[in-house]
Amino acid sequence: MHGTRRVLIAADKFKGSLTAVQVAERVTAGLRRVVPDLRVEALPVADGGDGTVDAAVAAGFERREVRVAGPLGDEVTAAFALRGDTAVVEMAEASGLQRLPDGVFAPLTSSTYGSGELLRAALDAGARTIVFGVGGSATTDGGAGMLSALGARFLTAAGEPIPPGGGGLAELAQADLSGLDARLASVEFVLASDVDNPLTGPKGAPAVYGPQKGASPEDVDTLDAALAHYAKVLEEAIGARAAQYAASPGAGAAGGIGYGALILGARFRAGIEVMLDVLGFAPALERASLVITGEGSLDEQTLHGKAPAGVAAAARAAGKEVVAVCGRLALAPEVLGRAGIRRAYALTDVEPDVARCIADAGPILERVAERIGRDFLS
């Protein structure tokens, strides 16, 4: 391959070991050992889950910090990203699993109230377009906490506010959405997620994602019934669309906060597609002759709306060659090929010990990148 080579690194984080920005730095360092004057453009990507604000900041958005309620009600510092009148808000910043104390789960009581406060802060900052990335949540409250923070009222039969969390929804007798922040009506609101589950049922938020938030089988049943009840009460308050939204793809995202976002008028889009638009991926892709994408584990899940699959699909449509880096690889070459990925390079190819791969991910990734340089660029 001759002529001026320009590489675009558009990889997600390696969860638990490297941020998306660090992945790009290490790959760049490894490539330049082989081709010292190589032109490299880094565009860290995310699919709407945790790391989405960081990806936006790396692409030139301004980081804004606010104090909001964490999933258990204690105050945390959360960030959103702003460029002009476009905000990127990540629910995990306020209501994510990483906001819980180590080893503590609260499947029935954790709330998305802080995510609503984060959206309000974005409106206060002048946002007219809000990209709401959801994923990595500690919560299964159907977005009720978020809606409360934005002015909705959820009351028990005695006229008291219901307790926080998905468990509290069982006590819901009346929903009043008349006090919702009026600015929401004139904002373009995009729900960015890599999951398309409905709110309840066998593929719903509690059944599919509850266990990873610490929900026992009994908790899952409790939450599923509570969310179904919540949707029913909302139907009484705002009509048939409440039931339609509950069955819509994305309603079950991040413990049902997707449902709350749809109630607010959000439009559901695949998280990686939205983020590639927002980050300016198309012009960067045009400039590149080789694209390097990746994430911690390339596996079956990758093919369902994760960042590398979205990057590869866009690159293939533009006729660009794509290779991937990952911590561990669980996809056969022909499956990768169908996804538009020419070849994948795993850290475990260089260092078979997985624990060492996680501990020394940076230096090992540089060695992986040297291989890519020799195979594709020298």
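Here are some worked exercises on the predicted model shown above.

## Exercise 1: The overall build

Task: Find how many helices and strands the chain has, and decide why the chain counts as compact for its length.

Solution. Begin with the inventory: the chain contains 16 helices and 13 strands. Next, take the radius of gyration, which is 21 Å; the globule rule gives 21 Å for 378 residues, so the chain is as compact as a globular protein of that length. For its extents, look along the principal axes, where the C-alpha trace spans about 75 × 40 × 35 Å. Now turn to burial: 55% of the 378 residues count as buried. Finally, consider contacts between residues at least 6 apart in sequence; 71% of them join residues at least 24 apart.

## Exercise 2: A sheet and the helices on it

Task: Work out the strand order of the six-stranded open sheet, name its edge strands, and say which strands helix H10 touches.

Solution. Step one is the order, which reads E3-E4-E5-E6-E9-E10, with mixed pairing. Step two is the edges: strand E3 (62-69) and strand E10 (267-270) each pair on one side only. Step three is the turn between neighbouring strands, which averages 30 degrees when direction is ignored.

Step four looks at one pair in detail. E3 and strand E4 (residues 75-83) run antiparallel and are joined by eight bridges. Within that pair, Ala-69 has Glu-75 of E4 as its bridge partner. As a reminder, strands of a sheet pair through backbone hydrogen bonds, either parallel or antiparallel.

Step five adds the helices. H9 lies across E6, strand E9 (188-193) and E10, and runs at about 160 degrees to E9. Helix H10 (residues 271-279) also packs on the sheet, where it touches E4, strand E5 (86-90), E6, E9 and E10. The direction of H10 makes about 90 degrees with that of E10.

## Exercise 3: Two crossovers in a row

Task: Follow the chain from strand E11 to strand E12 and on to strand E13, and determine whether each crossover is right-handed or left-handed.

Solution. Start with the first pair: strand E11 (residues 290-298) and strand E12 (residues 321-329) run parallel, joined by eight bridges. To get from E11 to E12, the chain passes through helix H12 (residues 307-317), and this β-α-β crossover is right-handed.

Move on to the next pair. E12 and strand E13 (residues 343-346) are also parallel, with four bridges between them. Here the chain travels through helix H13 (residues 333-338), again in a right-handed β-α-β crossover.

Now trace a path of bridge partners across the three strands. Thr-293 has Ala-324 in E12 as its partner, and Ala-324 in turn has Ala-344 in E13.

## Exercise 4: Helix H9 and the nonpolar cores

Task: Establish how many residues of helix H9 are buried, and which element gives the largest share of the largest nonpolar core.

Solution. Count along H9 (residues 253-263): 11 of its 11 residues are buried. Among them are Gly-255, Ile-257, Tyr-259 and Leu-262.

Then inspect the core. The largest nonpolar core has 55 residues, and those with the most contacts inside it are Ile-130, Phe-132, Phe-154, Tyr-230 and Tyr-259. Its largest share, seven residues, comes from H9. A second, separate core of 40 residues includes Phe-61, Ile-272, Val-278 and Ala-346.

Look closely at Tyr-230: beyond its neighbours within four places in sequence, its contacts include Phe-154, Leu-169, Leu-172 and Tyr-259.

Two backbone details complete the picture. Most residues other than glycine have a negative phi. Ala-254, found in helix H9, has a positive phi near 50 degrees. Just after H9, Gly-265 takes a positive phi of about 100 degrees.

## Exercise 5: A threonine in a loop

Task: Decide whether Thr-140 is buried or exposed, and list what Thr-140 touches.

Solution. First locate the residue: Thr-140 sits in the loop between strand E6 (129-133) and helix H5 (144-149). Its relative accessible area is 1%; buried means under 20%, so Thr-140 is buried. Setting aside residues up to four places away in sequence, Thr-140 touches Pro-107, Gly-166, Pro-206, Lys-213, Leu-223, Leu-227 and Gly-255. One of these, Gly-255, is a buried residue of H9.

Definitions and conventions
Residues are numbered from 1 along each chain as its sequence is written. This is a predicted model: local features need pLDDT of at least 70, side-chain atom pairs count only at pLDDT 80 or more; totals for chains, interfaces and linings use all residues. Side-chain values use heavy atoms; hydrogens and water are left out. Two strands pair if DSSP finds at least two bridges between them. A crossover is right-handed if, with the strands pointing away from the viewer, the path from the first strand over the helix to the second runs clockwise. Buried means under 20% relative accessible area, exposed over 50%, partly exposed in between (1.4 Å probe, protein chains only). Contact means heavy atoms within 4.5 Å. A nonpolar core is a set of buried Ala, Val, Leu, Ile, Met, Phe, Trp, Tyr and Cys residues joined through side-chain atoms within 4.5 Å. Axes are lines fitted to C-alpha atoms, for helices over the stretch in contact, and angles run from 0 to 180 degrees between N-to-C directions. The radius of gyration is taken over C-alpha atoms; the globule rule is 2.2 Å times the number of residues to the power 0.38.
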